[in-house]
Amino acid sequence: MGWERKRGKLEQFNAFVLRGDAMPFSLTAGRTEALRQCRFVMTVDADTRLAPGVVRRLVGTLAHPLNRAHFDPETGCIERGYTILQPRVELAPEATGQSLFARLYGGDTTIDIYSRAVSDVYQDLLGTGVFVGKGLYDVAAFERSLEGRIPENALLSHDLFEGLHGRAALVSDVIVYEEFPTGYLDFAGRWHRWVRGDWQILPWLLPFVPGRDGRWLRNRLGWFDRLKIFDNLRRSLVPASIVALLLGGWFLLHGEPWVWTLLAVVAPGAYLFTDLVTGFAQGRRRGVMHRVLRRLTDQLGRWTLAIAFLVSDSFIALHAIAVTIWRLRSGRRRLEWTSAAHTAARNAARHPRIAAWREMAASPLLATVIAGALFAVAPASLPVAAPLLLLWFLAPEIAIRISRPLQPSQEPLPPADRKFLRLMARRTWLFFETFVRPEDNWLPPDNYQEPPDEEIAHRTSPTNIGMLLVSILTAWRLGHVGLNEVATRLGDTLDSLDRLERYRGHILNWYDTRTLAALEPRYVSTVDSGNLAVCLITVAQALREAGSVPPVAADLWLGLEDNIELLVQAIGSVEASSAAGTILAAMRQTAERIGADEPAWYQGIDDLISTCLPKLREQIGLMAAGTAQSDIGTLRDIQAWLERLDHHLTRMRGDLRMFSPWWEILKNRPADCAETAARVAALLASGSSPTLGVRARQATSVLEAFRQTSVSDPSRQWVDAVLAAIEQGQAASYELYDRLGGLSRRAAAAAHAMDFAFLLDGGSRLFHIGYNVSADRIDPHHYDLLASEARLASFFAIAKGDIDPSHWFHLGRPITKQEVGLALVSWNGSMFEYLMPNIFLHSDPGTLLGMSDRTAISIQAAFGKAHGIPWGVSESSFASMGPDRVYRYHAFGVPALGLQRGLGRDLVVSPYATALALTIRPALATRNLKLLAELQLIGRYGFFEAADFTPERLPSGEHFALVRSYMAPVHCRDTDSR
């Protein structure tokens with residue numbers, strides 16, 4: 001950090017802002033003169049997170065005339081106002097879930113004085129708070145308050161000192177977030193630093209204190225300011241005092257040892273009583289009691305740990321105090337400081353058990369000594385002291401156990417289930433390969449309905465488009481398409497997107513895919529725009545990351561295996577054993593064998609295309625000639641997957657020739673070039689393209705060196721051909737990555753162009769359903785629940801800065817408590833409302849949203865079991881057609897999760913609802929999907945839209961009515977979930 005670490009660097013920065021002194025800065029960049037206009041500076045730590053609007057709100061507060069600092073011209077003290085604002089410091093949402101130690105210790109002010117400071121005694125009673133180093137200060141006033149008051153190289157912990165001289169105010173309604181140590185050893189290191197810093201300002205309890213240049217000045221701190229310093233010193237002595245009380249009660253003090261032990265043990269848990277009283281004061285409602293008891297359980301855990309670590313905490317504090325006092329007298333190493341990050345890294349590199357027993361050796365050693373002394377001197381106290389002595393002796397082991405990372409519960413999927421999901425995803429991708437085509441301007445139709453009432457809905461929405469974009473990425477990640485095809489497909493769709501009519505950056509709700517004309521009424525849908533926006537952001541980020549992966553990846557071989565397996569299944573439904581099946585088995589073995597052997601890719605693909613495919617077509621032709629008329633549908637499936645297999649292999653070979661053209665040349669090498677070809681192949685096999693740079697240059701160097709020693713013209717010509725191929729492949733790769741970068745920027749720009757501010761109701765702080773562009777009228781209804789797919793729009797609009805974060809807290813959170821757990825209540829009680837946002841917005845299992853997701857799945861599964869049907873109820877088409885012979889659509893749900901009346905009358909199961917649950921309960925969801933597959937809900941393009949089990953709509957003699965259609969957004973969710 002430089003001179004005097006953070007404090008010195010801030011002092012030098014302030015000098016530059018106020019006086020233009022840039023001498024201490026050895027390197028400057030940009031328009032540094034603009035910094036001279038700064039009035040306020042925000043200081044944070046490396047692990048501090050600032051929510052949107054935090055700095056703006058702090059600046060507005062500190063700039064208020066009533067908060068400006070006013071100095072006494074005679075004493076230089078601040079009479080009123082403030083130079084520093086300290087926001088409330090909370091732990092980051094995921095910090096307390098990293099380990100049991102973090103969960104029990106995190107955020108309690110009796111243990112960690114720097115977090116959860118909602119109400120501060122000093123601020124409430126005296127009008128000043130405690131500065132902890134994360135806040136905003138007025139540069140000029142701050143410097144004036146400290147002028148001549150800080151001795152050089154004397155303050156380790158300067159935050160409290162600066163807050164006392166500059167008057168700091170706690171702003172409890174502005175929050176910043178920070179990390180928390182995951183283990184006790186990390187916490188102990190921080191505790192040691194804090195104690196050292198607190199005791200180094202011990203001289204400021206005295207009437208005269210050291211100043212700059214060795215002068216002694218009258219202490220301008222008031223008695224209450226000094227009380228803050230003393231309070232920190234007192235807090236550091238609490239563990240040692242309790243240990244001293246225990247020793248006195250066991251060895252010296254009159255009375256029963258158990259009485260002194262009880263008094264000492266109760267002291268660290270005194271806050272339990274106050275929390276219990278305040279909790280019960282809220283009433284005896286079931287929710288209140290449940291919350292109080294749950295919090296009481298955590299506090300009992302903290303209390304137990306405080307007792308177990310008494311000796312260790314005492315040793316740490318006393319060691320820090322002794323070191324500080326010695327350094328205050330000697331004047332040496334007063335600024336020695338090891339950051340929290342370095343401490344955590346050092347502890348992580350050590351063996352946990354060895355580190356814990358070494359760092360906490362004082363606890364078991366003292367426990368052993370005390371036990372021996374009690375046995376010899378005061379045996380009557382030994383039974384009373386034994387439980388505590390045992391805890392102290394085992395303290396290192398306790399620290400090890402509670403510091404281990406908490407692993408979230410996972411449902412492992414066996415290979416067979418993973419294969420099942422991959423094949424279903426491949427079927428689903430066929431829908432987009434078939435229907436996203438030039439005549440529809442590369443936009444997805446809303447749905448396709450199978451014969452006998454065949455119909456393609458040539459209309460699309462923002463959600464359909466966004467989900468298509470993400471499905472293209474998913475197909476690439478699964479190996480069903482190559483990166484070059486991804487760029488082509490995304491480019492075509494974004495081109496069409498640019499031609500659509502917009503309103504304030506928003507895509508309207510419905511368009512004709514063939515003409516691109518907006519359908520009436522032209523409408524901006526809040527939820528659909530939010531869905532499209534997060535999809536575009538996902539695409540932008542994915543394409544940025546795609547620039548670091550090879551254009552031709554090994555995943556394409558897994559995609560090839562999926563194609564082969566689906567063709568095997570289609571052929572097997574006609575002939576259980578056939579020559580075509582034998583050929584496909586050989587092709588699958590080839591794919592499995594060479595998938596990880598990149599130098600063999602080109603030859604393998606060439607063999608598959610030139611040898612296996614012609615034989616396969618011949619055998620399928622013979623089989624088709626002898627197939628009955630009733631199997632025409634199956635033959636169409638066979639033809640579809642045969643064509644996809646051909647397409648997959650052809651695109652792989654084309655991409656290899658474009659991005660890795662050297663493989664064909666390396667294969668056809670002269671005899672005297674075999675060794676060189678092997679070395680070059682090994683270098684270039686690290687990725688399908690030598691764009692990694694270093695390996696490409698290494699391969700070029702090998703070839704250049706060989707050419708200088710080669711004597712035959714064919715060898716030199718071969719080297720020239722390989723070098724040209726490397727250059728050609730690099731040029732093609734760079735061009736592809738440039739395209740991907742351009743598409744990434746276009747996607748991000750399209751998302752950020754959407755203005756969500758006008759869709760927010762300023763009074764209720766809730767989003768309107770949408771805006772009718774045709775009528776120039778805002779929709780009067782609102783999205784008012786957190787358990788809704790609209791929370792994606794809320795999250796994006798907040799992150800973009802269009803609306804204030806307070807909107808999130810105005811979303812309703814009604815809760816239902818069932819036997820399986822707590823859950824937020826939604827409007828329809830559908831899986832879509834709970835789980836669709838999880839595709840993009842992960843909910844930690846420990847949060848209310850995370851618990852709601854799991855509980856909603858359990859409630860849906862129980863609902864299905866109670867009715868003897870598969871589970872997964874959500875909005876979908878159902879077995880009823882309108883006059884146009886198109887399936888009707890409705891939002892279905894389960895009664896236990898929804899506010900809407902009449903839920904439960906319809907029993908319509910949508911496979912996509914189960915697919916959404918794959919992100920939360922993969923094993924449970926896969927079992928349900930397999931059950932749906934057994935019910936023949938699978939068609940050519942994956943799962944059908946729904947199975948209608950509603951009694952009044954069942955065909956005669958059937959258990960359910962099959963809704964034979966495929967919805968584009970539903971299929972997107974199926975693909976993305978997998």
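## A walk through the predicted model

Of the 978 residues that make up the protein chain, 54% count as buried, and the reader should keep in mind throughout that this is a predicted model. Computed along its principal axes by computation, the C-alpha trace of the protein chain spans about 105 × 85 × 70 Å. Within that span the chain has 36 helices and 31 strands, and the paragraphs below pick out some of these elements together with the residues that they carry.

A starting point is helix H1, which covers residues 5-19, and helix H5, which covers residues 139-146; the axes of these two helices come within 10 Å and cross at roughly 120°. An angle of 65 to 115 degrees would count as roughly perpendicular and one over 145 as roughly antiparallel, and H1 and H5 are therefore described as oblique to each other. The crossing of H1 and H5 is, in addition, left-handed.

Helix H1 also leads into the charged pairs of the model. Side chains of opposite charge can pair when their charged atoms come close. The count of salt bridges in this model comes to 45, and one of them is formed by Glu11 and Arg212, whose closest N and O atoms are 3.4 Å apart. This pair links distant parts of the chain, since Glu11 belongs to helix H1 while Arg212 sits in the loop between strand E8 (208-210) and strand E9 (216-218), with the two positions 201 residues apart in sequence. Glu11 has a relative accessible area of 19% and is therefore buried, as the limit for that class is under 20%; Arg212, at 18% relative accessibility, counts as buried too.

A second salt bridge joins Glu397 to Arg353, and here the closest N and O atoms are 2.8 Å apart. This pair, too, links distant parts of the chain, with Glu397 in helix H17 (residues 395-403) and Arg353 in helix H14 (residues 352-359), 44 residues apart. Arg353 has a relative accessible area of 33% and is therefore partly exposed. In a further salt bridge, Asp498 pairs with Arg502, and the closest N and O atoms of the two are 3.8 Å apart. Asp498 is partly exposed, because its relative accessible area is 49%, and Arg502 is likewise partly exposed, with a value of 30%. Salt bridges can also be joined to one another, and in this model Lys6, Asp45, Lys134 and Glu178 are linked in a network of them.

From charged side chains the view can turn to nonpolar ones. On the surface, Val121, Leu125, Leu126, Phe224, Leu227 and Phe230 form a nonpolar patch, and together they have about 610 Å² of accessible area. Two helices, H4 (121-126) and H8 (223-251), each supply at least two residues of this patch. Leu125, one of the patch residues, lies in helix H4, and because its relative accessibility is 69% it counts as exposed. A contrasting case is Ala725, which lies in helix H29 (residues 713-752) and is buried, with a relative accessible area of 2%. Ala725 and Arg302 are 423 residues apart in sequence, and from C-alpha to C-alpha they are 66 Å apart in space.

The loops between strands hold some backbone details. A cis peptide bond joins Pro451 and Pro452, with omega at about 15°, and Pro452 is found in the loop between strand E10 (447-449) and strand E11 (455-457). The peptide bond that leads from Glu520 to Pro521 is also cis, with omega near -5°, and Pro521 has its place in the loop between strand E15 (511-512) and strand E16 (523-525).

Two arginines bring this walk to its end. Arg765 has a positive phi of about 60° although it is not a glycine, and it is placed in the loop between strand E17 (760-761) and strand E18 (766-768). Its relative accessible area of 34% means that Arg765 is partly exposed. Arg885, which is not a glycine either, has a positive phi of about 60° and lies in the loop between strand E24 (876-881) and strand E25 (887-890). With a relative accessible area of 45%, Arg885 is partly exposed.

Conventions:
Residues are numbered from 1 along each chain as its sequence is written. This is a predicted model: local features need pLDDT of at least 70, side-chain atom pairs count only at pLDDT 80 or more; totals for chains, interfaces and linings use all residues. Side-chain values use heavy atoms; hydrogens and water are left out. Patches are made of residues with over 30% relative accessible area and no salt bridge: like charges are joined within 9 Å, nonpolar side chains (Val, Leu, Ile, Met, Phe, Trp, Tyr) within 5 Å. Accessible areas come from the Shrake-Rupley method with a 1.4 Å probe; for residues, only the protein chains shown count as cover. A salt bridge is a side-chain nitrogen of Lys or Arg within 4 Å of a carboxyl oxygen of Asp or Glu. Helices (H or I, at least four residues) and strands (E, at least two) are DSSP runs, numbered from the N terminus. Buried means under 20% relative accessible area, exposed over 50%, partly exposed in between (1.4 Å probe, protein chains only). Axes are lines fitted to C-alpha atoms, for helices over the stretch in contact, and angles run from 0 to 180 degrees between N-to-C directions. Angles under 35 degrees count as roughly parallel, over 145 as roughly antiparallel, 65 to 115 as roughly perpendicular and the rest as oblique. A crossing is left-handed if the near helix is turned anticlockwise from the far one by less than a right angle, and right-handed if clockwise.
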